[in-house]
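Student: I would like to learn how to read burial and strand pairing from a model. Can we work through one case?

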Amino acid sequence: MARPLRIQFPHAVYHVTARGNERKAIVRDDDDRRRFVHTLAQMVEQFNVLLHAWVVMDNHYHLVVETPQANLSSAIRHLNGVYTQAVNRRHRRVGHLFQGRYTAILIEKETYLLELCRYVVLNPVRAGMVRHPTDWPWSSYRATAGDAPAPPWLTVDWVLGQLGRGRHQAQATYRQFVKEGIKNPARPWMEVKGQIYLGSERFIRRVEDGLHKKDDPEIPMSQKRPRRPRLEALLAGVAAAYGEEVAAIVKPTRRPGEARQVGIYLARRGAGAPLNAIAKLFGIGYTGVSRRVGAVAKRLDADARLRRRVEEILNAKVKT
């Protein structure tokens with residue numbers, strides 16, 4: 001299998017993973033972990049990247065990184081190289097610490113970043129190392145949840161901004177959002193396409209089209225990218241497709257029909273609306289939005305009829 005491309009452009013968002021050589025440990029004790037965190041902070045500051053989430057495990061690490069300057073390769077090369085040198089000096093070892101190239105999945109920010117940030121901090125829980133992410137100090141969970149001060153090199157504002165206006169409210173919602181992930185673990189990698197993309201078909205086309213065009217640095221990225229369908233237009237499209245009124249679709253009910261479920265899914269994955277806006281519109285909690293989006297995403301993999309209907313709604317709104 002060919003190695004996946006390294007796609008870099010301003011403000012791209014990635015999930016990055018690097019594993020120990022031969023699956024061996026990259027940290028031996030807390031001093032190594034502190035050295036890794038120190039090097040991570042240096043990388044953020046030196047390369048001007050935005051770090052939304054991170055965790056260091058025994059034999060690998062996970063990062064969610066945004067690159068305003070399209071410099072992911074340089075940043076990760078610095079992190080892995082400087083940390084390897086420090087570990088080799090400390091433990092009097094030689095050779096590679098990490099196994100080959102790091103893995104980088106390109107993420108559609110509006111639809112998957114929040115879910116990936118939760119996935120990252122839940123790694124110690126999934127591995128059976130702790131019962132709750134707050135019990136693992138070597139991740140971004142405590143700082144984002146408000147259990148510890150956020151260091152200046154960690155970007156928590158975007159994540160919290162998706163969950164509430166006030167900081168304390170957003171932190172409480174974040175803690176609940178992550179807790180829900182313990183009970184109902186998501187599997188975002190089931191939706192990765194072409195080894196490197198985690199996003200909608202429109203996102204993938206947008207990125208691939210950009211690979212064949214010269215970028216003008218004077219033009220902001222926001223002006224180069226086509227606009228998403230408006231939430232109101234998408235919901236109108238859902239209502240028309242199912243022969244219902246928008247008011248009926250957004251009205252809370254104990255027995256939500258397919259139209260409501262698809263409406264919630266497209267509000268998030270199609271329009272990229274914030275979780276708090278979707279929760280308010282549909283009269284459900286933030287975690288309820290996440291659960292319903294995940295449930296529809298799983299159905300789309302197996303249900304060709306539903307997949308065609310969703311694609312028809314999206315295509316109709318993109319053309320208008």
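Tutor: This is a predicted model. Start with glutamine 162, which sits in the loop between α6 (157-161) and α7 (167-183).

Student: Is glutamine 162 buried or exposed?

Tutor: The test is relative accessible area, and under 20% counts as buried. Glutamine 162 has a value of 10%, so this loop residue is buried.

Student: Which residues is glutamine 162 in contact with, leaving aside its neighbours within four places in sequence?

Tutor: They are Leu114, Arg268, Pro274, Leu275 and Asn276.

Student: How many residues of strand β3 are buried?

Tutor: For a strand, apply the burial test residue by residue, then look at each face. In β3 (residues 60-67), eight of the eight residues are buried, so the strand is largely enclosed by the rest of the structure. On one side the buried residues are His60, His62, Val64 and Glu66. On the other they are Tyr61, Leu63, Val65 and Thr67, so both faces of β3 are covered.

Student: Which strands are joined to β3 by bridges?

Tutor: Pairing is read from bridges, strand by strand. Strand β1 (residues 12-19) runs antiparallel to β3, with eight bridges between them. Strand β2 (residues 50-56) is also antiparallel to β3 and is joined to it by six bridges. A hairpin of three residues connects β2 to β3.

Student: Which residue of β3 is the bridge partner of alanine 53?

Tutor: Valine 64 is the partner of alanine 53. Valine 64 also stands opposite histidine 15.

Conventions
Residues are numbered from 1 along each chain as its sequence is written. This is a predicted model: local features need pLDDT of at least 70, side-chain atom pairs count only at pLDDT 80 or more; totals for chains, interfaces and linings use all residues. Side-chain values use heavy atoms; hydrogens and water are left out. Buried means under 20% relative accessible area, exposed over 50%, partly exposed in between (1.4 Å probe, protein chains only). Helices (H or I, at least four residues) and strands (E, at least two) are DSSP runs, numbered from the N terminus. Two strands pair if DSSP finds at least two bridges between them. Contact means heavy atoms within 4.5 Å.
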